[in-house]
Amino acid sequence: MERQIVFFAGPKEYRLLAHIGEDFQNHADQVMQFGYLGFFAKALLLAMNWLHDVTTLGYGWVIVLITIIIKVLFWPLTAASTRSMKRMQALAPEVAALKEKYKDDLQKFTQKQMELWKKNKVSP
């Protein structure tokens, strides 16, 4: 009786492990343990590897570059959130006055607060 055992000793590199997994049909890439947000983690890792190959920058600089790209992509959401937060801060004195006026009636306070936010086009 003969048994064949395959042993891998090398870097925990996704592309290499995925290739080994395909060759031996053993899901070797699952040792990366991406977790429940694995889709995003794999996408970021593949983007980082691609940028590393294309730019020949070190991985540290590639991480900085990916961070900048993500910040630029999410800038509209960040700007909208900041604008909304500043409008809410400007309304803070009026909300405090409403809170004092309707301190015994929480439902009425919530209703008036929502009206104030709707009137001023603020979204919490």
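Q: Which residues make the nonpolar surface patch of about 580 Å²?
A: This is a predicted model, and the patch can be located on it by looking at the helices that contribute. Helix H3, which spans residues 59-73, gives the most to the patch, with three residues, while Leu 44 of the patch lies in helix H2, residues 38-55. The full set of residues that make this surface patch is Leu 44, Ile 69, Ile 70, Leu 73, Phe 74 and Leu 77.

Q: Is Leu 44 buried, partly exposed or exposed?
A: A residue is called buried under 20% relative accessible area and exposed over 50%, with partly exposed in between. Because the relative accessibility of Leu 44 is 42%, Leu 44 counts as partly exposed.

Q: Where around the axis of helix H1 do its buried residues lie, on the same side or on opposite sides?
A: Helix H1 covers residues 14-24, and its buried residues are Tyr 14, Leu 17, Ala 18, Ile 20 and Gly 21. They cover an arc of only 160° around the axis, so they lie on the same side of H1.

Q: Which helix is included in what covers the buried residues of H1?
A: The buried residues of H1 include Leu 17 and Ile 20, and the question is what lies over such residues. What covers the buried residues of H1 includes H2.

Q: How many salt bridges does a search of the whole structure find?
A: Side chains of opposite charge can pair when their charged atoms come close. In this structure Lys 112 forms a salt bridge with Glu 115, and their closest N and O atoms are 3.9 Å apart, which fits the cut-off of 4 Å. The search of the whole structure finds one salt bridge.

Q: By about how many helical turns are Lys 112 and Glu 115 separated?
A: An α-helix has 3.6 residues a turn, so residues three or four places apart point the same way. Lys 112 and Glu 115 are three residues apart in helix H6, residues 106-119, and therefore their separation is about one helical turn.

Q: What radius of gyration does the chain have, beside that of a compact globule of 124 residues?
A: The chain comes to six helices and zero strands, and its C-alpha atoms fill a box of roughly 85 × 40 × 20 Å along the principal axes. Buried residues make up 21% of the 124 residues in the chain. Whereas a compact globule of 124 residues would have a radius of gyration near 14 Å, the chain has 26 Å.

Methods: Residues numbered from 1 in each chain as written. Predicted model: local features only at pLDDT ≥ 70, side-chain atom pairs only at ≥ 80, totals over all residues. Heavy atoms only, no water. Patch = residues over 30% accessible without salt bridge, like charges linked within 9 Å, V, L, I, M, F, W, Y side chains within 5 Å. Areas by Shrake-Rupley, 256 points an atom, 1.4 Å probe, with all protein chains shown as cover. Salt bridge = Lys/Arg side-chain N within 4 Å of Asp/Glu carboxyl O. Helix = DSSP H or I, 4+ residues; strand = E, 2+ residues; numbered from the N terminus. Buried < 20%, exposed > 50% of the residue type's maximum accessible area, 1.4 Å probe, protein only. Arc of directions from axis to C-beta. Contact = heavy atoms within 4.5 Å. Rg over C-alpha atoms; globule rule 2.2 N^0.38 Å.
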